[in-house]
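Me: I want to know what stands behind the labels in this model. Take me through them one by one.

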Amino acid sequence: MNRNPLSLPATSVWWRLLVSDQPDQGVPQPGDWLVGLIRWSFFIGLHLACLAVVFVGVSPVAVGVAAGLYLARMFFVTAFYHRYFSHKAFRASRGVQLAMAVAGCTAGQRGPLWWAGHHRYHHAHADRPEDRHSPAIRGLFDAHMGWFLRPENYATPWKYVRDWARYPELRWLNRFDMLPFLALGAATYGLGALLEAHAPGLGTSGPQMLVWGFLISTVALYHATYTINSLAHRWGRRRYATADDSRNNGLLALLTLGEGWHNNHHFYPGAARQGFRWWELDPTYYGLLGLAGMGLIRDLRPVPASVRNHGRSRTAPRRSPS
Ligand SMILES: [Zn+2]
Ligand SMILES: [Zn+2]
């Protein structure tokens, strides 16, 4: 599983920067500090690069592409990384499964098995000392964006994704998860350059489209996604008395296409929808209904009526399929 095609030692700093599947999860490695420094620099650099907007300017088409790629990739993360790879809330063919994994990688949030493994771990230990991103344990900042940059969380937690590890194409993609992300960056630049040459009236360019469509869109996507680990465990209402601090927050649901109904989700994680009431906006679920209507996915797992009508409860959390 962890064979190294470039013949670099598995502990090499460069190898560990390139891949997401180091086997020694949780064990300190020589060079951890350098890996951490480079990853932090890349993460901060992505934010600083957005300031290049003062040089490249703005156009309606660039802002439109940025918004479109934010929404599309938020859907890929919530529908595919979260509801499919983490919770198996619906079924898909192997080909569609791979397409969903590639789409998810364009969000730049590591590979599908890394993401799903850490997320399953979160559900198993939510807001207890072992939880790797709980605002109650290590504070809001760490839950938002410190946890995934800590060396002990770089590796894919294979123990939690054994079901997916039997697919070689998913293991490969999980290892080289940066490729679809970087390809998207190149594509935004190419689109801008193409429009500049063939539709100069639109007022865009390669660099401008790269800054808006890729950099700004990605940073916004990052922080909106992270709010579910940070704010959705602190601010909002609790319909269900779960054993964690999860909350329902309509504003976060709007930003994340339905993930803000996080208390619903912690109470019953296995459902394809997270807005349990008709008024709880869940665009990801509506998108999944569309994909099911096209025959691309099937067997969307419903919310049982007993769960949906539970209302405010003081009872102990019910075990549900995760
Ligand atoms: Zn949570
Ligand atoms: Zn979940």
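Reply: Start with contact: two residues are in contact if their C-beta atoms, placed from the backbone, lie within 7 Å. The model is predicted. On that cut-off, Ala271 touches Ala89, Arg301, Pro302 and Val303, leaving aside residues up to four places away in sequence.

Me: Where is Ala271 found? And what makes it count as buried?

Reply: Ala271 is in the loop between helix 14 (262-267) and helix 15 (283-293). The cut-off for buried is 20 or more other C-beta atoms within 10 Å. Ala271 has 24 such neighbours, so it counts as buried.

Me: How far apart are the C-alpha atoms of Ala271 and Phe90?

Reply: They are separated by 8.4 Å, with their positions 181 residues apart along the chain.

Me: Why is Thr242 called buried?

Reply: Thr242 has 22 C-beta neighbours inside 10 Å. The threshold is 20 or more. Thr242 therefore counts as buried. Its place is the loop between helix 12 (206-226) and helix 13 (250-255). The C-alpha atoms of Thr242 and Val102 are separated by 33 Å, and the two residues are 140 apart along the chain.

Me: Why are helix 4 and helix 5 called oblique to each other?

Reply: Two packed helices are described by the angle between their axes and the distance between the axes. Here the axes of helix 4 and helix 5 come within 9 Å and cross at roughly 125°. Roughly perpendicular covers 65 to 115 degrees, and roughly antiparallel needs over 145. The angle fits neither class, so helix 4 and helix 5 are oblique. Their crossing is left-handed.

Me: Which residues meet there?

Reply: Phe76, Val77, Phe80, Tyr81 and Tyr84 from helix 4 meet Met100, Ala103 and Gly104 from helix 5. By class, that contact has seven nonpolar residues, one polar and no charged.

Me: Which residues have the most contacts inside the largest nonpolar core?

Reply: Val65, Ala66, Phe80, Phe85, Ala116 and Trp212 do, in a core of 57 residues. Helix 4 (60-86) is among the helices that each supply at least two residues. Helix 4 gives the most, with 15. As for Val65, it touches Thr188, Met209, Trp212 and Gly213, not counting residues up to four places away in sequence.

Me: Which residues of helix 10 are buried, and what covers them?

Reply: Leu170, Leu173, Asn174 and Arg175 are the buried residues of helix 10 (residues 168-175). Their cover includes helix 5 (94-105), helix 6 (112-125) and helix 9 (162-165).

Key: Residues are numbered from 1 along each chain as its sequence is written. Chains are lettered from A and ligands numbered from 1 in the order in which they are written. This is a predicted model: local features need pLDDT of at least 70, side-chain atom pairs count only at pLDDT 80 or more; totals for chains, interfaces and linings use all residues. A residue is buried if 20 or more other C-beta atoms lie within 10 Å of its own, exposed if 12 or fewer, and partly exposed in between; C-beta atoms are placed from the backbone. Helices (H or I, at least four residues) and strands (E, at least two) are DSSP runs, numbered from the N terminus. A nonpolar core is a set of buried Ala, Val, Leu, Ile, Met, Phe, Trp, Tyr and Cys residues joined through C-beta atoms within 7 Å. Axes are lines fitted to C-alpha atoms, for helices over the stretch in contact, and angles run from 0 to 180 degrees between N-to-C directions. Angles under 35 degrees count as roughly parallel, over 145 as roughly antiparallel, 65 to 115 as roughly perpendicular and the rest as oblique. A crossing is left-handed if the near helix is turned anticlockwise from the far one by less than a right angle, and right-handed if clockwise. Ala, Val, Leu, Ile, Met, Phe, Trp, Tyr, Cys and Pro count as nonpolar, Asp, Glu, Lys and Arg as charged, and the others, Gly among them, as polar.
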